[in-house]
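Please look through the structure below before reading on, and keep it in view while you follow the description.

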Amino acid sequence: MAALHQPGRALEVVKERLAPGGRLYLFNQEPGWKTPEPAEQFGARLGDVLSSAGFGSERVVVKDFGGAAVAGVVACSGR
């Protein structure tokens, strides 16, 4: 996911265009995530990246679909 590995300009553009008090929802699923743990780790790292980029990380959401886990982060504009 580019927002985690190369956040730079992409997150700057989102932050510029997100309305004050607006929310950013990012979700990801990797084929290797067979349990919730790797998804939780990913969500925590992504939350840190978003915080460093000036977003407020509101929560990390992880859902186990029985052999496939999904991670999501809800962030706010910070303005």
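The report below takes up the model itself, then the sheet, a helix and one buried serine.

## About the model

This is a predicted model, in which local features need pLDDT of at least 70 and side-chain atom pairs count only at pLDDT 80 or more, while totals for chains, interfaces and linings use all residues. Residues are numbered from 1 along each chain as its sequence is written, and side-chain values use heavy atoms, with hydrogens and water left out.

## The sheet

Three strands form an open sheet in the order 1-3-2, with antiparallel pairing; strands are DSSP runs of E with at least two residues, helices are runs of H or I with at least four, and both are numbered from the N terminus. Two strands count as paired if DSSP finds at least two bridges between them. Strand 1 and strand 2 (56–64) are the edge strands, each pairing on one side only.

Strand 1 and strand 3 (residues 69–76) are joined by six bridges, and Tyr25 has Val74 as its bridge partner in strand 3. Strand 2 and strand 3 pair over eight bridges, where Val60 stands opposite Val73. Along strand 1 (residues 23–28) the side chains alternate, with Leu24, Leu26 and Asn28 pointing to one face and buried, whereas Arg23, Tyr25 and Phe27 point to the other and are not; buried means under 20% relative accessible area, exposed over 50%, and partly exposed in between, with a 1.4 Å probe and protein chains only.

## Helix 3

Helix 3 (residues 36–52) has 17 residues, which at 1.5 Å a residue should span 24 Å, and its end C-alpha atoms are indeed 24 Å apart; the expected span is 1.5 Å times one less than the number of residues. Its buried residues are Ala39, Phe42, Gly43, Leu46, Gly47, Val49 and Leu50. They cover an arc of only 160° around the axis, so they lie on the same side of helix 3, the arc being that of the directions from the helix axis to the C-beta atoms. The face turned away from this buried side carries the exposed residues Gln41, Asp48 and Ser52.

## A buried serine

Ser77, found in the segment after strand 3, is buried, with a relative accessible area of 1%. Its side chain reaches the backbone nitrogen of Gly21 at 3.1 Å, and a polar atom of that side chain lies 3.4 Å from the backbone oxygen of Ala19.

Definitions and conventions:
Polar contact = N/O pair within 3.5 Å; in protein donor to acceptor, adjacent residues only side chain to side chain.
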